[in-house]
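Reader: Hey, I've got a structure open and I'm not sure how to read it. Can we go through it together?
Author: Sure, let's put it up and you can ask whatever comes to mind.

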Amino acid sequence: MNKAEFIDLVKKVGEYDTKKDAEKAVNSFVDAISKALSKKQSVELVGFGKFETAVQKAKSGKVPGSHKTYTTKEKSVPKFRPGKGLKDQVAKAKK
C-alpha cells in the first residue's frame, strides 16, 4: 500500500469529509513522530506500539567479490515495537 492508498483508507476509516483532511492528518502524525524521534524521545501508543530511537553500533564488513573492507560509524536509527493489540489483530487476519 502506498501513501495515496493509505490516505484513502484513513479518509474512509476516520470518516473525513475530504481527502485533503485525511492527508493533513497523516502528514501531521508522521511529522510529529519524526520530530519526537529526532529529539531522542519515544512515542508510545498503548495497544498499537512504541516508536523509539536505538543506537546502531559501528561495524566492519567486506565488499563481496573483492578484498576491500569498510567500517560504518555508530548512529541512531528509528525503531518500532508493536503492541499486544496490534500483534493480536495481525494474528487474527492471518487465519
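Reader: I like rings, so let's start there. Which residues do the ring pairs link into a cluster?
Author: The cluster joined by ring pairs is made of F29, F48, F51 and F80. Keep in mind that this is a predicted model.

Reader: Ok, and how many aromatic pairs does the structure hold?
Author: There are four aromatic pairs. Take F48 and F80: their ring centres are 5.6 Å apart and the planes sit at 50°, so this pair counts as tilted.

Reader: Why tilted and not stacked or edge-to-face?
Author: Planes under 30 degrees apart would be stacked and over 60 would be edge-to-face, with the rest called tilted. The angle for F48 and F80 is 50°, so tilted is the label.

Reader: Where do F48 and F80 lie?
Author: F48 is in the loop between β1 (43-45) and β2 (49-56), while F80 belongs to strand β5 (residues 75-82). The pair therefore ties together parts that are 32 residues apart in sequence.

Reader: What's the relative accessible area of F48?
Author: F48 has 36%, which makes it partly exposed. F80 is partly exposed too, at 33% relative accessibility.

Reader: Switching topic: which residues form the largest nonpolar core?
Author: That core has five residues, namely I33, A36, L37, V43 and F51. Helix α2 (residues 19-38) gives the largest share of this core, with three residues.

Reader: Is there some general idea behind a core like that, or what tends to happen to nonpolar side chains?
Author: In soluble globular proteins, nonpolar side chains tend to be buried together.

Reader: What is L37 in contact with, if I skip its neighbours within four places in sequence?
Author: L37 then touches F51, E52, T53 and P78. Two of these turn up again in the strands: T53 stands opposite P78 in β5.

Reader: Right, the strands. How do β2 and β5 pair, parallel or antiparallel?
Author: β2 and β5 are antiparallel, with eight bridges. The pairing of β1 with β2 is antiparallel as well, over three bridges. In that one, L45 stands opposite G49 in β2.

Reader: And what's going on in the hairpin of β1 and β2?
Author: Three residues come between the strands there, and G47 takes a positive phi near 90°.

Reader: Which residues other than glycine have a positive phi?
Author: E15 is one of them, with phi near 55°. K40 is another, with phi near 65°.

Reader: Where does E15 lie, and is it buried or exposed?
Author: E15 is in the loop between α1 (3-13) and α2. With 68% relative accessibility, E15 counts as exposed.

Reader: And K40, where does that one lie?
Author: K40 is in the loop between α2 and β1. K40 is exposed as well, at 55% relative accessibility.

Reader: What about G14? Where does that lie?
Author: G14 lies in the loop between α1 and α2. G14 counts as partly exposed, at 43% relative accessibility. From the C-alpha atom of G14 to that of A25 is 9.7 Å, and these two are 11 residues apart along the chain.

Reader: Let's zoom out. How many helices and strands does the chain come to?
Author: The chain has three helices and five strands. Along the sequence, the order is α-α-β-β-β-β-β-α.

Reader: How does the radius of gyration of the chain stand against a compact globule?
Author: A compact globule of 95 residues would come out near 12 Å, but this chain has 19 Å. The C-alpha atoms fill a box of roughly 60 × 35 × 30 Å along the principal axes.

Reader: What percentage of the chain do buried residues make up?
Author: Buried residues are 14% of the 95 in the chain. The chain exposes about 8,100 Å², and carbon and sulfur atoms supply 55% of that area.

Reader: Last one. How far apart in space are K3 and Q89?
Author: C-alpha to C-alpha, K3 and Q89 are 22 Å apart, with their places 86 residues apart in sequence. K3 itself is in helix α1, and at 46% relative accessibility K3 is partly exposed.

Conventions. Residues numbered from 1 in each chain as written. Predicted model: local features only at pLDDT ≥ 70, side-chain atom pairs only at ≥ 80, totals over all residues. Heavy atoms only, no water. Phe/Tyr/Trp six-rings, centres within 6.5 Å; stacked < 30°, edge-to-face > 60°. Helix = DSSP H or I, 4+ residues; strand = E, 2+ residues; numbered from the N terminus. Buried < 20%, exposed > 50% of the residue type's maximum accessible area, 1.4 Å probe, protein only. Core = buried A, V, L, I, M, F, W, Y, C linked by side-chain atoms within 4.5 Å. Contact = heavy atoms within 4.5 Å. Rg over C-alpha atoms; globule rule 2.2 N^0.38 Å. Areas by Shrake-Rupley, 256 points an atom, 1.4 Å probe, with all protein chains shown as cover. Pairing = 2+ DSSP bridges.
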